[in-house]
Amino acid sequence: MENIKSYVQQHKDRFINELIELLKIPSVSADTAYSQDVIDTAEAVKESLSKAGCDYVETCDTPGYPIIYGEKIIDPNLPTVLVYGHYDVQPPDPLELWTSPPFEPVIKNTDIHPEGAIFARGACDDKGQMYMHVKALEYMVQNNVLPCNVKFMIEGEEEVGSASLAWFVERNQEKLKNDVILISDTGMISNQQPSITTGLRGLSYVEVEITGPNRDLHSGLYGGAVANPINILAKMIASLHDEDNHITIPGFYDKVQELSAEERAEMAKAPFSLEKYKNALNIADVYGEKGYVTNERNSIRPTLDVNGIWGGYTGEGAKTVIASKAYAKISMRLVPNQDWHEITELFTKHFTSIAPAGVTVKVTPHHGGQGYVTPIDSIGYQAANKAYTETFGVPAIPVRSGGSIPIVALFEKELKSKTILMGFGLDSDAIHSPNEHFGIFNYLKGIETIPLFYKYFVELSK
Ligand code: BES
Ligand code: MN
Ligand code: MN
């Protein structure tokens, strides 16, 4: 398959321009103001799949946004790869921090991406990474080297919890039957050192509401005499970690699997510079759970973080007021074996129990999902590693990621197949942040590497 390199060289401008067109559509799933754009993006993905060589494509209606399904079945006796990705993106705000508008993609050079990177919301997460698979299919079909069957399932609600995808997967097990699931929606260590994600954290996301007096009060007339919901909320949140940064919710760690000393030593071999990490974030020091290093804190350990907190007066100037209500959005990242429903329950029970008389607590669960780990001795992992070794010149390192793709655990449960996470993004690509970007090098390397995965997966399956 020497051909792929030259095919990419020959067509790279078109590959980049096609992605840029896709990035112009603001497919923000969290905000209904963009709902027509989300639907338009689905149609654009569908068209790209049929142009790239799928024999059958379909817009699958769901209770939410549509799922685009595509397939090319060349021989039912050959293995089938199921590609998953998402065409929805995170909201672009805060807009004022973007150096160019989020839905007007431009190519700019950065220190890490001297060959240029496409700046736009969704460039890396996940339109750019999803589209690598469409272009890899185009190459394989055009050059008659597709070695097996392929199915695509591209959804539009990943960034809001994938509720419709869960609904769809439960109802379409036969249609989605496969031998391996392939996803590019994660990252790798660096452009010199590829890695394969072998773990994802689970998630429980809740919103809390603290109610004190039945109306906002004058903070002079009532201050000191009634519970201030904002003060109370701050205190309650602060108490969720102890002085060693362990989470204090009873039972929270009960099911956490501790890694063996060998496994932790293996993890420590991945290249990592604490100095560079701190410099990139402009922080004087890191912060986290006692007894664990940074790369453990953000992957194999569970966390609890406030994602947003509000209440009272936040406008210009000063208003003397004790608010009636205070709110926070809290995420808990979970590790394999922790059950997200159970954790949500433990949180709710504990958080309600620590509130003083004088306020009431309401906890509303948003979404969540189970964590995931995959062994490195599977055919899928071996095939991916061979593919990376060929295109990068060095083998990939297995890495457990701190991020979550809750649907991966559901795939395993419903479809009984393993997922291989071949991510080509970098941590510095600013996903979910202003100025998200995706390296041209990464995009083209992804298109080059994916067909090799197919080749080796079929070879190793024989
Ligand atoms: N692609 C990310 C997840 C990711 C990124 C995993 C980088 C590993 C490395 C995905 O789109 C995402 O943002 N997931 C959400 C969870 C979802 C339920 C909203 C997350 O991790 O916050
Ligand atoms: Mn994603
Ligand atoms: Mn995301």
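A salt bridge is taken here as a side-chain nitrogen of Lys or Arg within 4 Å of a carboxyl oxygen of Asp or Glu. By this rule, zero salt bridges are found across the interface of domain 1 and domain 2. The structure examined is a predicted model, and the description below concerns its domain interface, its empty spaces and its unusual backbone positions.

The domain assignment of the protein chain gives domain 1 (4-200 + 371-461) and domain 2 (203-256 + 302-369). Eleven residues of domain 1 and seven residues of domain 2 take part in the contact. The C-alpha centres of the two domains are 36 Å apart. Between domain 1 and domain 2 an area of about 610 Å² is buried, and carbon and sulfur atoms give 56% of that area. On the side of domain 1, the most area is lost to domain 2 by Gly371, Ser404 and Pro406, which together give 51% of what that side buries.

The second largest pocket is also related to this pair of domains. Because domain 1 (4-200 + 371-461) and domain 2 (203-256 + 302-369) both give residues to its lining, the second largest pocket lies between them. Its volume is about 370 Å³. The lining comprises 16 residues, and those that lie nearest the centre of the pocket are Trp340, Gly368, Gly369, Gln370 and Leu410. Two or more lining residues are given by each of the elements α4 (163-171), α9 (340-353), β14 (360-369) and α11 (407-415). Of the contributing elements, α11 gives the most, with four residues. Sorted by class, the lining of the second largest pocket has six nonpolar, seven polar and three charged residues.

Empty space was also examined in the form of cavities. Rolling a probe the size of a water molecule over the atoms shows where empty space is left. The count comes to one cavity of 30 Å³ or more. The largest cavity holds about 40 Å³ of space. Its lining is formed by Gly251, Phe252, Asp254, Lys255, Asn337, Gln338, Asp339, Glu342 and Ile343. By class, the lining of the largest cavity divides into two nonpolar, three polar and four charged residues.

Asn337, one of the residues lining the largest cavity, also has a notable backbone angle. Phi of Asn337 is near 90°, a positive value in a residue other than glycine. Asn337 is located in the loop between β13 (325-334) and α9. Most residues other than glycine have a negative phi, and most peptide bonds are trans.

Two cis peptide bonds may be described alongside Asn337. The peptide bond from Asp93 to Pro94 is cis, with omega near 0°. Pro94 is placed in the loop between β3 (80-86) and β4 (106-108). Asp125 and Asp126 are likewise joined by a cis peptide bond, for which omega is about 0°. Asp126 lies in the loop between β5 (117-119) and α3 (127-142).

Note on methods:
Residues numbered from 1 in each chain as written. Chains lettered and ligands numbered in written order. Predicted model: local features only at pLDDT ≥ 70, side-chain atom pairs only at ≥ 80, totals over all residues. Heavy atoms only, no water. 1 Å grid on protein atoms, 1.4 Å probe; cavity = no way out; pocket = protein on both sides within 12 Å on 5 of 7 lines; lining within 4 Å. Points joined across faces, edges and corners; volume = space filled by probe spheres on them. Nonpolar A, V, L, I, M, F, W, Y, C, P; charged D, E, K, R; others polar. Domains from an automatic or database assignment. Contact = heavy atoms within 4.5 Å. Buried area = accessible area lost by both parts, 1.4 Å probe.
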